[in-house]
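Trainee: I should like to go through this model and ask what justifies each description of it.
Mentor: Please proceed; the structure is shown here.

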Amino acid sequence: MANVSVYNMDGQEVGTMELSDEIFAAPVKENLVHQAVVLHLANMRQGTQKAKTRSEVSGGGIKPWRQKGTGHARQGSIRAPQWRHGGVVFAPVPRDYSFKMNRKEKRAALKSVLTSKLQESNLIVVDSIAFDDIKTKNMVRVMKALKAEKAYVVLNGADRNVFLSTRNLPNVRLSQAGTLSVYDILKYEKLVLTQDAVRTIEEVFA
């Protein structure tokens, strides 16, 4: 098992902690990590683009002129695609871009990025993060002390004061141990975990 230093909110080392090899020393499977990122981005797409076809535009319920004898080309509706205000040919419609990965693939991708963060020395373990009041400068001070100004911070549970003190920081994202995101772990340079969050991750994703 790998041993990592444990820091307090002032950036001082206060001990060490053993990390599970099953989670933090797993094989790095880049293909599954890529698939997990594509999954995340695809599920974020709204897919709300829409244009009307000739059956959806208003008007055009009557043949504009008789079939023969007028000198004009034959027409069946003034809302055909070649007409002004006509419908769109093969118009885009709302669609769902999401897809699924099975549970084993998701866990393998998550273990891969956690292992990568540890190997790159971008994983920081903190004994705890808690504030008595709601102030953004509290979180700024902690991130500077940990030298992790662009970080993905993972707590074991919901903490209102920490959440509200973090939400105005564009380079810091807060999450809970049970809702880890492969995309966010890769997006942010540092991964900051509390000791309780590490234990939960090892229990949930083992």
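Trainee: Which residue in β2 does asparagine 3 stand opposite?
Mentor: This is a predicted model, and in it asparagine 3 faces glutamate 18 of β2.

Trainee: How do you know that strand β1 and strand β2 pair, and in which sense do they do so?
Mentor: Two strands count as paired if DSSP finds at least two bridges between them. Strand β1 (residues 2-7) and strand β2 (residues 13-19) share 6 bridges, in the antiparallel sense, so the criterion of at least two is met.

Trainee: What is the phi of glycine 11 in the hairpin of β1 and β2?
Mentor: Glycine 11 has a positive phi near 80°, in a hairpin with 5 residues between the strands.

Trainee: How does the radius of gyration of the chain stand against that of a compact globule?
Mentor: For 206 residues, a compact globule would have a value near 17 Å, but the chain has 27 Å. The chain therefore does not follow the globule rule of 2.2 Å times the number of residues to the power 0.38. Along the principal axes, the C-alpha trace spans about 95 × 40 × 25 Å.

Trainee: What makes a residue count as buried, and what percentage of the chain is buried?
Mentor: The cut-off is under 20% relative accessible area. Buried residues account for 40% of the 206 residues.

Trainee: How many positive and negative side chains does the chain have, and how far apart are the centres of the two sets?
Mentor: There are 31 positive and 20 negative side chains, with the centres of the two sets 22 Å apart.

Notes:
Residues numbered from 1 in each chain as written. Predicted model: local features only at pLDDT ≥ 70, side-chain atom pairs only at ≥ 80, totals over all residues. Heavy atoms only, no water. Buried < 20%, exposed > 50% of the residue type's maximum accessible area, 1.4 Å probe, protein only. Lys, Arg positive; Asp, Glu negative; His and termini not counted. Charge placed at Lys NZ, Arg CZ, Asp CG, Glu CD. Helix = DSSP H or I, 4+ residues; strand = E, 2+ residues; numbered from the N terminus.
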